[in-house]
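Thanks for making the time this morning. I would like to take you through a few local features of one model, going from helix packing to strands and then to some individual side chains.

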Amino acid sequence: MEVAARDFAELPQEILMDIFSLLETPDLVRVGSVCSSWNLSYAGICRFGLYKWPQTPCLIYTSESANDNVAFLYSLAEKRAYKLTLPEPPIHRRYLIGSSLGWLITADERSEMHLVNPVTSEQISLPSVTTIEHMTPIFDETGVICKYRFSRHTARSVTALSSTYALRNLRECLFHKAFLFYDASARSYIIVLIHNPVGQLSFARLGDDKWTWLSPHANFDDCIYKDGLLYAVTLSGQIIAFDLSGTVVTTKIIMDRKDTYGLERVYIVQAPWGDLLLVRRPEVWIEEAPAEHGHLYTDQGTFENRTWKIAIYKVCIASRKLVQINSLHDHVLFLGHNQSLCFNAEEYPQLKPNHVYLTDDSRSASLKCKLHCRLVIGILDLETKIMDEIVSPRPWSNCMAPLFIIPNPRKMD
(Lines give C-alpha, C1' and ligand atoms only; values in the text may rest on other atoms or scores of the structure.)
Protein backbone atom coordinates (compact mmCIF):
# COMPACT_ATOMS: atom_id res chain seq x y z
CA MET A 1 0.00 0.00 0.00
CA GLU A 2 1.36 3.38 -0.94
CA VAL A 3 1.08 6.18 1.60
CA ALA A 4 1.45 9.76 0.45
CA ALA A 5 4.19 11.57 2.38
CA ARG A 6 2.95 14.65 4.15
CA ASP A 7 4.58 17.94 3.26
CA PHE A 8 7.18 18.60 5.95
CA ALA A 9 6.43 22.31 5.75
CA GLU A 10 3.00 21.58 7.20
CA LEU A 11 4.32 19.93 10.35
CA PRO A 12 3.34 21.73 13.58
CA GLN A 13 5.88 24.29 14.75
CA GLU A 14 6.51 22.48 18.03
CA ILE A 15 7.50 19.28 16.18
CA LEU A 16 9.76 21.18 13.79
CA MET A 17 11.43 22.93 16.72
CA ASP A 18 11.95 19.63 18.55
CA ILE A 19 13.68 18.20 15.47
CA PHE A 20 15.71 21.30 14.59
CA SER A 21 16.91 21.81 18.16
CA LEU A 22 19.01 18.63 17.87
CA LEU A 23 21.01 19.89 14.88
CA GLU A 24 24.53 21.28 14.77
CA THR A 25 24.63 25.00 13.97
CA PRO A 26 25.54 24.68 10.24
CA ASP A 27 22.56 22.37 9.66
CA LEU A 28 20.33 24.56 11.83
CA VAL A 29 21.16 27.63 9.74
CA ARG A 30 20.55 25.64 6.54
CA VAL A 31 17.07 24.44 7.55
CA GLY A 32 16.15 28.02 8.40
CA SER A 33 16.62 28.87 4.72
CA VAL A 34 14.33 26.15 3.30
CA CYS A 35 10.94 27.85 3.59
CA SER A 36 9.03 30.41 5.66
CA SER A 37 7.62 27.76 8.02
CA TRP A 38 11.05 26.29 8.77
CA ASN A 39 12.54 29.77 9.13
CA LEU A 40 9.90 30.58 11.74
CA SER A 41 10.91 27.50 13.74
CA TYR A 42 14.60 28.33 13.31
CA ALA A 43 14.05 31.90 14.53
CA GLY A 44 12.14 30.66 17.58
CA ILE A 45 14.89 28.19 18.48
CA CYS A 46 17.55 30.91 18.26
CA ARG A 47 15.47 33.50 20.09
CA PHE A 48 14.83 31.27 23.10
CA GLY A 49 18.09 29.31 23.04
CA LEU A 50 16.34 25.96 22.53
CA TYR A 51 19.13 24.34 20.46
CA LYS A 52 21.43 21.79 22.05
CA TRP A 53 24.29 23.45 23.92
CA PRO A 54 27.15 23.26 23.75
CA GLN A 55 27.57 22.53 20.08
CA THR A 56 30.57 20.64 18.74
CA PRO A 57 33.52 23.09 18.70
CA CYS A 58 34.76 24.48 15.40
CA LEU A 59 37.96 26.18 14.28
CA ILE A 60 37.69 29.78 13.19
CA TYR A 61 40.42 31.46 11.19
CA THR A 62 41.21 33.94 8.44
CA SER A 63 42.99 33.18 5.19
CA GLU A 64 45.28 35.33 3.08
CA SER A 65 43.52 34.02 -0.03
CA ALA A 66 40.14 35.48 1.01
CA ASN A 67 38.60 38.93 1.29
CA ASP A 68 39.56 40.96 4.38
CA ASN A 69 36.01 40.68 5.77
CA VAL A 70 35.90 36.88 5.42
CA ALA A 71 36.48 34.32 8.16
CA PHE A 72 36.22 30.54 7.88
CA LEU A 73 34.45 28.24 10.30
CA TYR A 74 35.83 24.69 10.12
CA SER A 75 33.36 22.16 11.51
CA LEU A 76 35.04 19.32 13.40
CA ALA A 77 31.77 17.41 13.12
CA GLU A 78 31.54 17.67 9.31
CA LYS A 79 35.26 18.17 8.53
CA ARG A 80 34.48 21.03 6.17
CA ALA A 81 34.82 24.81 6.23
CA TYR A 82 32.14 27.48 5.91
CA LYS A 83 32.84 30.96 4.58
CA LEU A 84 31.48 33.82 6.72
CA THR A 85 31.38 37.53 5.88
CA LEU A 86 31.72 39.58 9.06
CA PRO A 87 31.08 43.28 9.78
CA GLU A 88 33.65 46.06 9.67
CA PRO A 89 36.40 46.58 10.66
CA PRO A 90 37.91 43.79 8.51
CA ILE A 91 38.33 40.58 10.48
CA HIS A 92 41.54 39.70 8.63
CA ARG A 93 43.18 42.85 10.00
CA ARG A 94 42.13 42.21 13.59
CA TYR A 95 43.90 40.16 16.24
CA LEU A 96 41.82 37.29 17.62
CA ILE A 97 42.51 37.44 21.37
CA GLY A 98 39.85 35.07 22.69
CA SER A 99 36.62 33.15 22.18
CA SER A 100 33.91 32.23 24.68
CA LEU A 101 30.20 31.37 24.51
CA GLY A 102 30.28 31.49 20.72
CA TRP A 103 31.75 35.01 20.57
CA LEU A 104 35.15 36.20 19.36
CA ILE A 105 37.05 38.91 21.22
CA THR A 106 39.09 40.91 18.70
CA ALA A 107 41.49 43.87 18.62
CA ASP A 108 41.31 46.12 15.55
CA GLU A 109 43.96 48.29 13.92
CA ARG A 110 43.51 50.95 16.60
CA SER A 111 43.95 48.24 19.25
CA GLU A 112 40.30 48.71 20.26
CA MET A 113 38.33 45.61 21.22
CA HIS A 114 35.05 44.20 19.90
CA LEU A 115 32.86 41.17 20.58
CA VAL A 116 31.81 39.46 17.34
CA ASN A 117 29.42 36.56 16.89
CA PRO A 118 30.52 34.94 13.60
CA VAL A 119 27.21 33.09 13.17
CA THR A 120 24.83 36.04 13.67
CA SER A 121 27.32 38.83 12.63
CA GLU A 122 26.31 40.71 15.78
CA GLN A 123 29.07 43.02 17.03
CA ILE A 124 29.53 44.92 20.31
CA SER A 125 32.23 47.48 21.08
CA LEU A 126 34.07 47.04 24.38
CA PRO A 127 35.39 49.83 26.63
CA SER A 128 38.25 51.77 25.07
CA VAL A 129 41.77 50.46 25.50
CA THR A 130 42.64 53.93 26.86
CA THR A 131 40.66 53.12 30.04
CA ILE A 132 42.98 50.25 30.99
CA GLU A 133 45.07 51.24 34.02
CA HIS A 134 48.38 51.15 32.16
CA MET A 135 47.32 53.17 29.11
CA THR A 136 47.50 56.92 28.39
CA PRO A 137 46.29 58.34 25.06
CA ILE A 138 48.50 60.79 23.18
CA PHE A 139 46.66 63.37 21.05
CA ASP A 140 47.78 65.18 17.90
CA GLU A 141 47.30 68.90 17.25
CA THR A 142 43.68 68.31 16.14
CA GLY A 143 42.75 66.48 19.34
CA VAL A 144 42.67 63.00 17.79
CA ILE A 145 44.40 60.05 19.49
CA CYS A 146 47.53 59.27 17.48
CA LYS A 147 49.59 57.12 19.88
CA TYR A 148 49.41 55.30 23.21
CA ARG A 149 51.77 55.49 26.15
CA PHE A 150 52.09 52.13 27.89
CA SER A 151 53.16 52.19 31.54
CA ARG A 152 54.91 48.98 32.59
CA HIS A 153 54.01 48.73 36.24
CA THR A 154 52.25 46.45 38.69
CA ALA A 155 50.66 47.46 41.98
CA ARG A 156 53.99 46.73 43.67
CA SER A 157 56.71 47.86 41.27
CA VAL A 158 57.71 49.34 37.91
CA THR A 159 58.85 46.46 35.70
CA ALA A 160 60.36 48.57 32.89
CA LEU A 161 60.34 52.04 31.37
CA SER A 162 57.16 53.29 29.73
CA SER A 163 56.87 52.86 25.96
CA THR A 164 55.05 54.73 23.20
CA TYR A 165 53.22 52.77 20.49
CA ALA A 166 51.45 53.51 17.25
CA LEU A 167 47.75 52.67 17.43
CA ARG A 168 47.97 49.35 15.59
CA ASN A 169 51.19 48.20 17.27
CA LEU A 170 49.96 48.35 20.84
CA ARG A 171 47.94 45.14 20.46
CA GLU A 172 51.12 43.19 19.69
CA CYS A 173 52.46 43.71 23.21
CA LEU A 174 49.38 44.45 25.34
CA PHE A 175 46.92 41.57 24.87
CA HIS A 176 47.43 37.96 25.87
CA LYS A 177 43.97 36.42 26.20
CA ALA A 178 40.36 37.53 26.63
CA PHE A 179 37.19 35.81 27.88
CA LEU A 180 33.44 36.36 27.88
CA PHE A 181 31.52 34.90 30.83
CA TYR A 182 27.84 34.97 31.75
CA ASP A 183 27.04 35.95 35.33
CA ALA A 184 23.69 34.27 36.00
CA SER A 185 23.15 35.98 39.37
CA ALA A 186 23.52 39.46 37.86
CA ARG A 187 21.99 38.47 34.49
CA SER A 188 24.90 40.17 32.76
CA TYR A 189 28.07 39.39 30.82
CA ILE A 190 31.62 39.90 32.07
CA ILE A 191 34.67 40.37 29.86
CA VAL A 192 38.01 39.44 31.45
CA LEU A 193 41.32 40.45 29.90
CA ILE A 194 44.79 39.05 30.62
CA HIS A 195 47.25 41.69 29.49
CA ASN A 196 50.74 43.01 29.93
CA PRO A 197 52.76 44.07 31.76
CA VAL A 198 53.42 40.61 33.24
CA GLY A 199 50.01 39.02 32.77
CA GLN A 200 47.73 41.23 34.86
CA LEU A 201 43.91 41.13 34.91
CA SER A 202 41.28 43.72 34.05
CA PHE A 203 37.53 43.19 33.66
CA ALA A 204 34.40 45.00 32.52
CA ARG A 205 30.70 44.24 32.41
CA LEU A 206 28.85 44.81 29.16
CA GLY A 207 27.67 48.40 29.29
CA ASP A 208 30.62 49.64 31.37
CA ASP A 209 32.58 52.57 29.97
CA LYS A 210 35.95 51.54 31.41
CA TRP A 211 38.06 48.57 32.49
CA THR A 212 38.56 47.72 36.18
CA TRP A 213 42.08 46.66 37.16
CA LEU A 214 42.37 43.55 39.38
CA SER A 215 45.54 44.33 41.32
CA PRO A 216 47.96 43.42 42.87
CA HIS A 217 48.38 39.92 41.40
CA ALA A 218 50.16 39.16 38.09
CA ASN A 219 51.57 36.43 35.82
CA PHE A 220 48.13 35.00 34.97
CA ASP A 221 47.74 32.61 32.05
CA ASP A 222 44.10 31.43 32.03
CA CYS A 223 40.67 32.01 33.66
CA ILE A 224 37.29 30.37 34.12
CA TYR A 225 34.07 31.60 35.75
CA LYS A 226 32.32 29.19 38.10
CA ASP A 227 29.57 29.62 40.71
CA GLY A 228 29.88 33.40 40.67
CA LEU A 229 33.67 33.43 41.07
CA LEU A 230 36.46 34.16 38.61
CA TYR A 231 39.22 31.56 38.98
CA ALA A 232 42.56 32.62 37.50
CA VAL A 233 45.76 30.56 37.32
CA THR A 234 49.31 31.93 37.14
CA LEU A 235 52.29 30.53 35.28
CA SER A 236 53.57 29.08 38.55
CA GLY A 237 50.32 27.20 39.23
CA GLN A 238 48.86 29.57 41.84
CA ILE A 239 45.04 29.74 41.63
CA ILE A 240 43.20 32.82 42.91
CA ALA A 241 39.41 33.25 43.12
CA PHE A 242 37.97 36.75 42.57
CA ASP A 243 34.47 37.64 43.73
CA LEU A 244 33.33 40.34 41.29
CA SER A 245 29.75 40.60 42.57
CA GLY A 246 30.20 43.44 45.06
CA THR A 247 31.31 47.06 44.82
CA VAL A 248 34.68 45.92 46.16
CA VAL A 249 36.41 42.91 44.61
CA THR A 250 37.48 40.28 47.14
CA THR A 251 40.07 37.56 46.56
CA LYS A 252 40.89 34.15 47.98
CA ILE A 253 43.96 32.05 47.24
CA ILE A 254 42.79 28.55 46.30
CA MET A 255 46.17 27.05 45.43
CA ASP A 256 49.29 28.84 46.70
CA ARG A 257 52.05 27.26 44.61
CA LYS A 258 55.35 28.75 43.48
CA ASP A 259 56.40 26.09 40.99
CA THR A 260 59.23 26.91 38.61
CA TYR A 261 58.89 25.63 35.06
CA GLY A 262 60.37 26.38 31.68
CA LEU A 263 58.50 27.74 28.69
CA GLU A 264 54.95 26.47 29.27
CA ARG A 265 51.34 27.49 28.97
CA VAL A 266 49.05 26.86 31.94
CA TYR A 267 45.26 26.33 31.76
CA ILE A 268 42.43 25.98 34.26
CA VAL A 269 39.44 23.91 33.12
CA GLN A 270 36.01 23.03 34.53
CA ALA A 271 35.51 19.26 34.13
CA PRO A 272 31.98 17.93 33.47
CA TRP A 273 32.20 15.74 36.59
CA GLY A 274 32.70 18.81 38.81
CA ASP A 275 36.47 19.01 39.40
CA LEU A 276 38.76 21.82 38.41
CA LEU A 277 41.66 20.73 36.22
CA LEU A 278 45.05 22.39 35.86
CA VAL A 279 46.88 21.64 32.60
CA ARG A 280 50.49 22.36 31.66
CA ARG A 281 51.54 22.45 28.04
CA PRO A 282 55.19 22.74 26.93
CA GLU A 283 55.88 25.59 24.54
CA VAL A 284 57.07 23.82 21.37
CA TRP A 285 57.07 26.06 18.32
CA ILE A 286 56.66 24.87 14.74
CA GLU A 287 57.98 26.85 11.79
CA GLU A 288 55.22 27.57 9.26
CA ALA A 289 57.33 29.57 6.78
CA PRO A 290 61.03 30.28 6.27
CA ALA A 291 62.19 32.34 9.23
CA GLU A 292 64.74 35.05 8.50
CA HIS A 293 65.81 35.41 12.11
CA GLY A 294 66.68 31.86 13.08
CA HIS A 295 64.72 29.28 15.05
CA LEU A 296 64.23 30.86 18.46
CA TYR A 297 62.45 28.20 20.57
CA THR A 298 61.30 26.48 17.39
CA ASP A 299 61.36 22.99 15.97
CA GLN A 300 61.35 21.92 12.34
CA GLY A 301 57.79 21.82 11.03
CA THR A 302 56.84 18.16 11.27
CA PHE A 303 54.47 16.07 13.36
CA GLU A 304 56.21 12.81 12.47
CA ASN A 305 58.27 10.66 14.85
CA ARG A 306 57.65 12.95 17.80
CA THR A 307 56.59 12.34 21.40
CA TRP A 308 54.40 15.13 22.75
CA LYS A 309 53.76 15.68 26.44
CA ILE A 310 51.02 17.42 28.34
CA ALA A 311 50.42 17.27 32.11
CA ILE A 312 46.87 17.22 33.54
CA TYR A 313 46.09 17.56 37.26
CA LYS A 314 42.96 17.50 39.39
CA VAL A 315 42.82 20.49 41.74
CA CYS A 316 42.01 19.38 45.30
CA ILE A 317 40.78 22.61 46.84
CA ALA A 318 40.43 21.20 50.39
CA SER A 319 44.01 19.93 50.60
CA ARG A 320 45.44 22.52 48.18
CA LYS A 321 47.21 19.78 46.26
CA LEU A 322 47.41 18.68 42.66
CA VAL A 323 46.79 15.05 41.70
CA GLN A 324 48.10 14.08 38.27
CA ILE A 325 45.68 12.43 35.84
CA ASN A 326 47.14 10.11 33.22
CA SER A 327 43.99 9.61 31.17
CA LEU A 328 40.82 11.54 30.35
CA HIS A 329 39.07 8.24 29.46
CA ASP A 330 35.90 9.25 27.59
CA HIS A 331 36.54 13.00 27.86
CA VAL A 332 38.26 15.50 25.59
CA LEU A 333 40.05 18.85 26.15
CA PHE A 334 40.16 22.00 24.01
CA LEU A 335 43.08 24.33 24.75
CA GLY A 336 44.31 27.47 23.05
CA HIS A 337 43.36 31.14 22.84
CA ASN A 338 39.77 30.06 23.43
CA GLN A 339 38.16 29.49 26.82
CA SER A 340 39.57 26.15 28.03
CA LEU A 341 36.94 23.41 27.66
CA CYS A 342 36.37 19.79 28.66
CA PHE A 343 33.56 17.65 27.21
CA ASN A 344 32.26 14.11 27.49
CA ALA A 345 33.10 12.64 24.08
CA GLU A 346 30.16 10.21 24.29
CA GLU A 347 27.88 13.21 23.68
CA TYR A 348 29.95 14.24 20.65
CA PRO A 349 30.64 11.16 18.51
CA GLN A 350 32.70 13.23 16.06
CA LEU A 351 35.29 13.99 18.77
CA LYS A 352 38.08 11.65 19.85
CA PRO A 353 37.96 10.55 23.53
CA ASN A 354 41.13 10.85 25.62
CA HIS A 355 42.48 13.45 23.19
CA VAL A 356 43.50 17.09 23.57
CA TYR A 357 42.67 19.53 20.76
CA LEU A 358 45.29 22.30 20.68
CA THR A 359 45.73 25.64 18.95
CA ASP A 360 48.44 28.26 19.27
CA ASP A 361 48.39 30.14 22.59
CA SER A 362 51.61 32.14 22.45
CA ARG A 363 51.76 35.34 24.46
CA SER A 364 53.72 37.10 21.72
CA ALA A 365 51.71 37.96 18.62
CA SER A 366 54.57 40.08 17.29
CA LEU A 367 57.08 37.22 17.58
CA LYS A 368 54.76 34.90 15.64
CA CYS A 369 54.39 37.45 12.86
CA LYS A 370 58.12 38.14 12.57
CA LEU A 371 59.37 34.58 12.81
CA HIS A 372 56.45 32.93 10.98
CA CYS A 373 56.20 30.21 13.60
CA ARG A 374 53.64 29.24 16.19
CA LEU A 375 52.88 26.82 18.98
CA VAL A 376 51.76 23.39 17.86
CA ILE A 377 48.24 23.13 16.42
CA GLY A 378 46.86 19.59 16.39
CA ILE A 379 45.10 16.72 18.17
CA LEU A 380 47.11 14.89 20.85
CA ASP A 381 46.36 11.26 21.77
CA LEU A 382 47.03 11.10 25.52
CA GLU A 383 47.64 7.34 25.38
CA THR A 384 50.14 7.17 22.53
CA LYS A 385 51.47 10.78 22.87
CA ILE A 386 51.12 11.08 19.09
CA MET A 387 49.94 14.34 17.54
CA ASP A 388 47.86 14.55 14.37
CA GLU A 389 47.00 17.63 12.36
CA ILE A 390 43.45 18.98 12.52
CA VAL A 391 43.43 20.25 8.94
CA SER A 392 46.05 19.59 6.28
CA PRO A 393 47.30 21.61 4.53
CA ARG A 394 46.92 24.42 7.05
CA PRO A 395 44.58 27.01 5.48
CA TRP A 396 44.91 29.84 8.02
CA SER A 397 46.89 33.05 7.84
CA ASN A 398 50.51 32.99 8.92
CA CYS A 399 50.06 36.02 11.15
CA MET A 400 47.02 34.88 13.16
CA ALA A 401 46.41 31.43 14.60
CA PRO A 402 42.97 29.78 14.52
CA LEU A 403 40.77 29.59 17.60
CA PHE A 404 38.31 26.99 18.79
CA ILE A 405 34.80 28.38 19.06
CA ILE A 406 31.43 26.86 19.93
CA PRO A 407 28.91 28.23 17.37
CA ASN A 408 26.12 30.19 19.03
CA PRO A 409 23.16 31.10 16.77
CA ARG A 410 21.44 33.16 19.44
CA LYS A 411 21.71 36.94 19.55
CA MET A 412 22.82 38.43 22.84
CA ASP A 413 20.08 39.56 25.20
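Let me begin with a pair of helices, α1, which covers residues 13-20, and α3, which covers residues 36-48; their axes lie 9 Å apart and the two pack at an angle of about 60 degrees. The crossing of α1 and α3 is right-handed. As for who touches whom, on the α1 side the contact is made by Gln13, Leu16, Met17 and Phe20, and these meet Ser37, Trp38, Leu40, Ser41, Gly44 and Ile45 of α3. Sorted by class, that contact between α1 and α3 comprises six nonpolar residues and four polar ones, with no charged residues. Please keep in mind throughout that this is a predicted model.

Turning to the strands, there is an open sheet of three, ordered β8-β9-β10, with antiparallel pairing. Why do β8 (135-139) and β10 (163-166) each have one side without a neighbour in the sheet? Both stand at the edges, and each has a single partner strand, so one side of each is left without a neighbour there. From one strand to the next, the twist averages 30 degrees. Looking at β8 and β9 in particular, where β9 spans residues 145-150, the two run antiparallel and are joined by five bridges; in one bridge, Phe139 is partnered by Ile145 of β9.

Further along the chain, β23 (residues 311-316) and β24 (residues 321-325) are likewise antiparallel, and five bridges join them. Within this pair, Ile312 stands opposite Ile325 of β24. The two strands form a hairpin with four residues between them, and in the turn Arg320 has a positive phi of about 55 degrees.

Next, a single residue, His331, which belongs to strand β25, residues 331-335. Is His331 buried or exposed? Its relative accessible area is 10%, and since the cut-off for buried is under 20%, His331 counts as buried. Setting aside neighbours within four places in sequence, the residues in contact with His331 are Pro272, Trp273, Cys342, Phe343, Asn344, Ala345, Pro353, Asn354 and His355.

Finally, the cysteines. How many disulfides does a search of the whole structure find? The search finds zero. Two cysteines can be described by their accessibility: Cys58 is buried, at 2% relative accessibility, whereas Cys146 is partly exposed, with a relative accessible area of 30%.

How values were computed:
Residues numbered from 1 in each chain as written. Predicted model: local features only at pLDDT ≥ 70, side-chain atom pairs only at ≥ 80, totals over all residues. Heavy atoms only, no water. Axes fitted to C-alpha atoms, helices over the stretch in contact; angles between N-to-C directions. Left-handed = near helix turned anticlockwise from the far one by under 90°. Contact = heavy atoms within 4.5 Å. Nonpolar A, V, L, I, M, F, W, Y, C, P; charged D, E, K, R; others polar. Pairing = 2+ DSSP bridges. Buried < 20%, exposed > 50% of the residue type's maximum accessible area, 1.4 Å probe, protein only. Disulfide = S-S within 2.5 Å.
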